[in-house]
Amino acid sequence: MDYFLGVDGGATSTTCVVATDEGVILGIGHGGPSNHILAPGGRERARAAIEEALRNAIASAGLLRVEFRAAQFGMTGINADTEPAQVLAGVAADVLAARSVGIDNDALVARAGALACRPGVVVIAGTGSVALGEDAGGRQAKAGGWGYIFGDEGSAFALGLGAVRDALRARDGTGPETVLTERIPGAIGRSLGQIPVAFYEGRIHRPQIAALAPVVTAAAADGDAVSQELVREAADRLAALAAAVIRRLTWPEGTVGVAPVGGVFSAGPIVLHPLKRALAAHAPGAVLVPPRFVPPVGALLLALRAAQIPHTPERLALLAATWELRTAHVYSARTPGDAGRELPGQSWLTP
C-alpha cells in the first residue's frame, strides 16, 4: 500500500492529510502558522508547524512512521521554482520521507480541491484574495493575490478595513450612520478610536482586522445599509478577479464553473447572492458552483496526480466519505479569512 500526503499551510495554521492510494483518508493533523518562510525565524517556524501537523496526522492515522510515495505542499506566499519554495523543500526533506515532493501556492491546492482538479476557476476570499483558473488544455491564469496593501480586494481583511473606516466616518459625522460603530469594539476588544493607532503600532495585526468580516456580513444580514454596500463591493471585486481569469483562458463549452473558497463565504447567501449577480455582469458564461473538497484534500489530489493515479469517481467518493468521517462535519483549522472553510452542502445558495 502506498501513502500520500497533502499539506496546506498559511498565516494561521498548517494542515496535513495522510491517505492511501485508494483514496482513504487515514489521518488529519494541524500545526501552527508556516508562512513568511524567508522572514527572520521563518524557516524554523515553518519546520515546527509542519512537524507538528505531520506528527498529529500520522498519529491520527495510527502509524508510527511512513514513507510517502508523493507529497504536495500548498503554502501561502510560495510559488514553484522560487527561493521560498527551495527553502521549504529543504524543510520538507528534513521532516518527512517522500519519493516526490511538489511545492506551490495555496491557491493551487484550493483550486484543485474545490473543482476536484477539473477545469474551472476558484475565487478565494480569505484573509487575502485571489482567483486562479485552469482550462481543459492545462493552461493556468491568476488575478489578484498582491497582498493587503496592493490588492486583496474583496477579502476578509478588506471587509474588516472597510468596516473600521466607515464606522470612523460615521462617528466623525462624515459618513452615514451604521451599527458597525457599536459592533466593532465588542468584536475586537478595543474602542473604535483605539483601533487605527493600535494597528499602526503593531498591537493589532491583519488577522484581527480580517476577523471583523463576520461582523460586517452579520450586520448586512440585519439590514445595515453601510454593511450591505461593503458586501456588494467585495462581491463585485471578487467577480472582477474571476472574470479576468476567465478571459485569459479557453472554454470550448462557453461556460465555466467558478467555486468560491474561503472564510468570507462561510456567511452563506448574504455574500454568495451578490457574488452570483456580480459574476453574471462581469462574466455571463460563469456558473457559481459549490466547492467539492477543502484545500488540504486538494493538495492530496495533486499528490495522487503526480503519481499518475487517476481521480476516478470511486476514489473521489472515498476521499469525500473518509474526510467527512474523520472531521465529523467540523473543519475549523483556520480562522475566518483563510481558505480552508467548507461551505454548507446542497442548500449553500438558497435564500
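How do strands β1 and β2 pair, and over how many bridges? I opened the predicted model with that question. Strand β1 covers residues 3–9, and its pairing with β2 is antiparallel, over seven bridges. I then looked up one position in the pair. Gly-6 faces Val-17 of β2. Four residues separate the two strands, and the connection is a hairpin.

**Entry: the other neighbour of β2**

I moved on to strand β3, residues 25–31. β2 pairs with β3 in the antiparallel sense too, over six bridges. Here I found Ala-19 opposite Ile-25 in β3. This connection is also a hairpin with four residues between the strands. In its turn, Gly-23 has a positive phi of about 100°.

**Entry: burial of β2**

Are the residues of β2 buried or exposed? I checked residues 14–20, and seven of the seven are buried, so the strand is largely enclosed by the rest of the structure. Next I sorted them by face. In a regular strand, side chains alternate between the two faces of the sheet. On one side of β2 I listed Thr-14, Cys-16, Val-18 and Thr-20. On the other I listed Thr-15, Val-17 and Ala-19. Both faces are covered. Val-17, the partner of Gly-6, is therefore buried along with the rest of the strand.

**Entry: nonpolar cores**

Which residues have the most contacts inside the largest nonpolar core? I noted Leu-180, Ile-184, Val-258 and Leu-275, in a core of 55 residues. Helix α10, residues 225–247, gives the most to this core, with 13 residues. A second core is separate and has 35 residues, including Ala-70, Ala-114, Val-122 and Leu-300.

I followed up on Val-258. Leaving out residues up to four places away in sequence, Val-258 touches Val-121, Val-123, Ala-242, Ile-246 and Leu-279. Val-258 also touches Ala-286, Val-287, Leu-288 and Val-289.

**Entry: positive phi in a loop**

Last, I checked backbone angles. Most residues other than glycine have a negative phi. Ala-116 has a positive value, near 50°. Cys-117 is positive as well, near 65°. Where does Ala-116 lie? I placed Ala-116 in the loop between α3 (106–114) and β7 (120–125). Cys-117 lies in the loop between α3 and β7.

I then looked up accessibility, with buried meaning under 20%. Ala-116 has a relative accessible area of 8%, so it is buried. Cys-117 is at 12%, so it counts as buried.

Note on methods: Residues numbered from 1 in each chain as written. Predicted model: local features only at pLDDT ≥ 70, side-chain atom pairs only at ≥ 80, totals over all residues. Heavy atoms only, no water. Core = buried A, V, L, I, M, F, W, Y, C linked by side-chain atoms within 4.5 Å. Buried < 20%, exposed > 50% of the residue type's maximum accessible area, 1.4 Å probe, protein only. Contact = heavy atoms within 4.5 Å. Pairing = 2+ DSSP bridges.
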